[in-house]
Amino acid sequence: MSILVPNPTSDLIWQTAWKSPVFRWKLSLGIIATLALLFTFPGFFQTIEHHSGPVLNDWVLKQLPPQDVSIGIFLTIWVTALLLLLRARFSPAVFMMFIYGYIIVSLSRMLSINLVPLDPPVGLIPLIDPISNAFYGKTYITKDLFYSGHTSSIFLMFLCLRKWWDRLFALIGSLVVGSLLLVQHVHYTVDVLGAFAFTYPLYWLGKKFALSGWDNIEKQQN
């Protein structure tokens with residue numbers, strides 16, 4: 001069921017959504033689960049750094065001399081994240097889709113990183129991302145490889161955004177981030193491709209859970 005509110009304010013939209021008991025408990029559960037994940041990240045990533053695996057023979061990386069493009073990766077991801085946050089002010093649905101998509105994608109990554117341990121690519125240049133790295137612990141992490149968290153995060157933003165131009169911006173940003181990660185040799189090609197392949201179905205799973213059982217109240221945007 002969809003309730004359309006003509007030209008509502010962000011406060012009105014969220015207040016209306018909050019009237020739904022299902023929305024309230026799903027929002028609370030999503031925030032608690034996200035905080036719990038962020039709390040466990042440092043220990044998890046420091047642990048997987050002690051794992052060992054093969055160094056893949058990546059033809060694409062061999063064609064790309066490693067370069068430090070951290071600033072481009074950082075700005076692309078976090079400008080897109082800011083755009084998502086601004087849109088979420090007028091759309092509880094966008095916020096809920098992202099938060100549950102992020103939870104499921106993060107759990108999937110934790111599983112896949114354990115099941116597919118890899119040693120980092122030859123020529124890896126440490127990625128400078130002060131925000132993301134804050135959740136990795138004291139040691140720089142090089143083995144959170146399959147599949148790429150940076151690529152999956154920005155691609156998830158693309159999937160959650162609703163406006164055409166927003167989605168185009170985020171999609172281009174996803175391709176840019178995936179490419180720059182390869183330029184910096186932070187990930188293998190399979191890590192980046194895997195991020196696109198896994199994130200899409202996991203987004204739909206998160207969306208189905210996030211939006212079921214409460215009225216989807218969104219501002220109609222051009």
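## A partly exposed valine in a surface patch

A residue counts as buried when its relative accessible area is under 20%, as exposed when that value is over 50%, and as partly exposed in between. In this predicted model, valine 79 has a relative accessible area of 42%, and therefore counts as partly exposed. Valine 79 belongs to helix H4, the helix that spans residues 70-88.

Valine 79 is also one of the members of a nonpolar patch on the surface, which is formed with Ile71, Leu75 and Phe169 and has about 390 Å² of accessible area when the four residues are taken together. Helix H4 supplies the largest share of this patch, namely three residues.

## The salt bridge between arginine 87 and aspartate 166

Three salt bridges are found when the whole structure is searched. One of them joins the side chains of arginine 87 and aspartate 166, with a distance of 2.5 Å from N to O. This pair links distant parts of the chain, since arginine 87 sits in helix H4 and aspartate 166 in helix H8 (residues 164-183), with their positions 79 residues apart in the sequence.

The two partners differ in their accessibility class: arginine 87, at a relative accessible area of 24%, is partly exposed, whereas aspartate 166, at 6%, is buried. The side chains of aspartate 166 and arginine 87 are also recorded as making a polar contact, again at 2.5 Å. If residues up to four places away in sequence are not counted, aspartate 166 touches Leu83 and Leu161 as well as Arg87.

## Two salt bridges that involve the loop between H6 and H7

A further salt bridge brings together the side chains of arginine 109 and aspartate 144, at 3.7 Å from N to O. Arginine 109 lies in helix H5 (residues 92-115), while aspartate 144 lies in the loop between helix H6 (130-133) and helix H7 (149-160), so this pair ties together parts of the chain that are 35 residues apart in sequence. Arginine 109 and aspartate 144 are both buried.

Lysine 143 forms a salt bridge with aspartate 119, and the closest N and O atoms of this pair are 3.4 Å apart. Here too the pair links distant parts of the chain, with lysine 143 in the loop between H6 and H7 and aspartate 119 in the loop between H5 and H6, 24 residues apart. Lysine 143 has a relative accessibility of 16% and therefore counts as buried, and aspartate 119, with a relative accessible area of 19%, is likewise buried.

## The surroundings of tyrosine 203

Tyrosine 203 is located in helix H9, which covers residues 189-211. With a relative accessible area of 2%, tyrosine 203 is buried. When its neighbours within four places in sequence are left aside, the residues in contact with tyrosine 203 are Met97, Leu156, Leu159, Cys160 and Arg162.

Two of these contacts can be described further. Tyrosine 203 and leucine 159 are separated by 44 residues in sequence, yet their C-alpha atoms are 7.4 Å apart in space. With arginine 162, tyrosine 203 shares a polar contact of 3.2 Å that joins the two side chains.

How values were computed:
Residues numbered from 1 in each chain as written. Predicted model: local features only at pLDDT ≥ 70, side-chain atom pairs only at ≥ 80, totals over all residues. Heavy atoms only, no water. Patch = residues over 30% accessible without salt bridge, like charges linked within 9 Å, V, L, I, M, F, W, Y side chains within 5 Å. Areas by Shrake-Rupley, 256 points an atom, 1.4 Å probe, with all protein chains shown as cover. Helix = DSSP H or I, 4+ residues; strand = E, 2+ residues; numbered from the N terminus. Buried < 20%, exposed > 50% of the residue type's maximum accessible area, 1.4 Å probe, protein only. Polar contact = N/O pair within 3.5 Å; in protein donor to acceptor, adjacent residues only side chain to side chain. Contact = heavy atoms within 4.5 Å.
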